[in-house]
Amino acid sequence: MFKAKAWVTTYDLSRKLELDRVYSIPSSDAPAGAAYRIHVNAGRTYQEMDGFGASSTDASAYLLHARLDASSREQVMKKLFDRTEGIGMTFIRQPMGACDFNHEIYSYNDLQPNETDFALEKFSIDHDRRHILPLLQEALRISSHLKIMASPWSPPGWMKSSGEMIGGRLKPECYDVYADYFVRFIQAYEREGITIYAVTVQNEPGYEPSQYPGMLMSPEEQIAFIKRLGPAFRQNHIFALILCYDHNWDILDYAEKVLGDPEVSKYVAGSAWHCYGGRHEAMSVIQQQFPDKGIWFTEASGGEWIPPMKAAFQDQMKHVIRCCRNGSKSIVWWNIALDENNGPTVLKRSTCRGLLRITQDTGEIDYNLDYYTLGHISKFVVPGAVRIESNTYEDELETVSFSNPDGSIVVIVSNRTPLTQSTEIQISSERFTYVIPGDSAATLQFILHEE
């Protein structure tokens with residue numbers, strides 16, 4: 001027998017992960033006549049889930065660690081990483097060096113113009129000791145399930161054709177030293193008590209930004225580099241997963257080429273994906289071609305390009321549900337926190353939104369809709385859970401379901417219509433009814449209990 005509860009969030013945040021009622025339907029009763037019937041089949045399983053979270057950019061770490069007093073920071077960290085007091089994030093994407101959200105551009109091996117350091121004698125993670133490492137260590141103290149994935153936006157400038165972290169490509173003569181750079185980073189973090197669970201080879205390898213660190217890397221270049229990176233990891237007893245691609249759904253042949261290379265396939269655990277082009281189904285296409293490789297969804301940012309509140313809320317709930325239904329083992333938003341000007345950033349103008357907004361002068365904290373959309377999965381689905389079968393009504397009432405290691409079942413429902421909808425949920429021989437408001441999301445939890 002199951003005991004059922006629901007937590008609901010409306011698009012305007014008038015209700016925010018608010019506890020709600022689910023009603024059991026006696027077995028003798030006829031069907032309730034619900035507009036939507038959700039059949040959950042725990043016997044049919046799909047991917048195992050890794051975790052859910054956001055990115056601890058330099059900007060986010062600075063705001064949380066330097067702009068909040070100790071009491072406020074403790075409260076915020078619990079709201080982020082504790083499952084009881086908050087949303088229980090279990091996955092952090094950590095930039096390796098500078099990205100677009102930091103005060104300055106930096107790497108772990110910055111040199112003067114025309115200098116090189118193939119022995120990496122000047123390698124140092126000292127920059128991260130100010131804010132990033134303390135924040136990660138605090139998060140790990142709160143969440144025993146937390147996994148940390150690292151992604152580089154750029155190698156040090158001296159390794160690149162551009163001579164700087166903005167633009168250019170990795171020089172062929174620097175493939176070996178750049179692989180060693182990854183090794184040094186992982187080992188340095190390990191000495192600080194932080195295990196790197198996975199790395200992506202290059203953030204958005206098909207885009208060359210003009211204002212912030214980035215690098216073009218063709219599939220052929222990524223293949224050649226992984227042939228150096230994989231052996232470097234093995235020789236140094238590094239067990240971090242290597243993920244390829246890390247860019248949008250609108251390009252399929254990149255992941256196909258990398259995963260299809262027989263030598264590279266020995267080292268690569270799967271592919272990583274962003275949401276800024278194409279459709280979620282691209283991940284299923286790749287998974288069908290390479291069923292032994294995993295799928296990770298690693299970046300979606302809220303921002304001014306999708307107007308709040310309704311469109312932004314619905315967009316993110318679509319990612320939560322459709323990414324999982326298309327094989328993703330993770331849901332990862334972009335910045336954990338940004339300030340009142342959508343920074344700090346090296347961009348001339350930022351339009352991104354974090355899970356939190358922290359006003360620098362006052363320390364005021366606002367929890368954006370992104371916090372609650374992520375919470376609908378991170379608070380209830382535990383790493384190690386498996387996705388299970390449930391039907392969905394695309395663009396109307398969309399669903400995704402999971403079975404947790406403790407036997408509880410979680411059903412996430414997104415009502416994409418403006419109308420209140422009646423649903424009937426069937427799990428095995430038990431039936432439940434739930435009424436979900438228009439333009440809202442609900443997470444239903446079914447816990448096994450004895451009569």
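Buried here means under 20% relative accessible area. By that cut-off, strand 11 is mostly covered, with six of its six residues buried. The model on screen is a predicted one, and strand 11 is a convenient place to start.

**Stop 1: strand 11 and its neighbour**

Select residues 294–299, which make up strand 11, then add residues 268–274, which make up strand 10. The two strands run parallel and are joined by five bridges. To find one point of pairing, pick Trp 273; its bridge partner in strand 11 is Phe 297. Now trace the backbone from strand 10 to strand 11: the chain passes through helix 9, residues 281–289, and this β-α-β crossover is right-handed.

**Stop 2: from Phe 297 to Trp 249**

Keep Phe 297 selected and show its side chain. Phe 297 has a relative accessibility of 0%, so it counts as buried. Its ring forms an aromatic pair with Trp 249, with 5.7 Å from centre to centre and 20° between the planes, and the pair is stacked. Trp 249 is in the loop between strand 9 (241–248) and helix 7 (253–260), while Phe 297 is in strand 11; the pair links parts of the chain 48 residues apart. Trp 249 is also buried, at 3% relative accessibility.

**Stop 3: two tryptophans**

A search of the whole structure gives 22 aromatic pairs. For another of them, select Trp 153 and Trp 334. Why is this pair called stacked? The ring centres of Trp 153 and Trp 334 are 5.5 Å apart and the planes meet at 10°, and planes under 30 degrees apart count as stacked.

Colour the surrounding elements to see what the pair connects. Trp 153 sits in the loop between strand 7 (147–152) and helix 5 (175–191), and Trp 334 belongs to strand 13 (residues 330–335), so the contact ties together parts that are 181 residues apart in sequence. Are these side chains buried or exposed? Trp 153 is buried at 2% relative accessibility, and Trp 334 is buried at 3%.

**Stop 4: an aromatic cluster and two lysines**

Select Tyr 108, Phe 123, Tyr 175, Tyr 178, Tyr 181, Phe 182, Phe 185, Tyr 189 and Phe 225 together: they form one aromatic cluster.

Next, look at two places where a lysine meets a ring. Select Lys 79 and Tyr 367; the charged end of Lys 79 sits over the tyrosine ring, 4.8 Å from its centre. Then select Lys 147 and Tyr 197, where the charged end of the lysine again sits over the ring, 5.3 Å from the centre.

**Stop 5: strand 20 and the strands beside it**

Select residues 409–415. This is strand 20, and seven of its seven residues are buried. Both faces are covered: Ile 409, Val 411, Val 413 and Asn 415 lie on one side, and Val 410, Ile 412 and Ser 414 on the other.

Add strand 19, residues 397–403, which pairs with strand 20 in the antiparallel sense over seven bridges. Within this pairing, Glu 398 stands opposite Ser 414. Strands 19 and 20 form a hairpin with five residues between them, and Gly 407 in the turn has a positive phi of about 95°.

Now add residues 440–448, strand 23, which runs antiparallel to strand 20 and is joined to it by seven bridges. Which residue of strand 23 is the bridge partner of Ile 412? Thr 443 is that partner.

**Stop 6: cysteines**

Select the cysteines and show their sulfur atoms. How many disulfides does a search of the whole structure find? It finds zero. Cys 275 is in no disulfide, and the nearest cysteine sulfur, that of Cys 323, is 7.7 Å away. A disulfide would need the two sulfur atoms within 2.5 Å. Cys 352 is likewise in no disulfide; for Cys 352 the nearest cysteine sulfur belongs to Cys 99, 9.9 Å away. Cys 275 is buried at 15% relative accessibility, and Cys 352 is buried at 12%.

**Stop 7: an exposed serine**

End at Ser 14, in the loop between strand 1 (2–10) and strand 2 (18–20). Ser 14 counts as exposed, at 54% relative accessibility. Its side chain makes a polar contact of 3.0 Å with the side chain of Thr 10, and another of 2.8 Å with the side chain of Asp 12.

Methods
Residues numbered from 1 in each chain as written. Predicted model: local features only at pLDDT ≥ 70, side-chain atom pairs only at ≥ 80, totals over all residues. Heavy atoms only, no water. Buried < 20%, exposed > 50% of the residue type's maximum accessible area, 1.4 Å probe, protein only. Phe/Tyr/Trp six-rings, centres within 6.5 Å; stacked < 30°, edge-to-face > 60°. Helix = DSSP H or I, 4+ residues; strand = E, 2+ residues; numbered from the N terminus. Lys NZ or Arg CZ within 6 Å of the ring centre and 35° of its normal. Polar contact = N/O pair within 3.5 Å; in protein donor to acceptor, adjacent residues only side chain to side chain. Pairing = 2+ DSSP bridges. Right-handed = clockwise from strand over helix to strand, strands pointing away.
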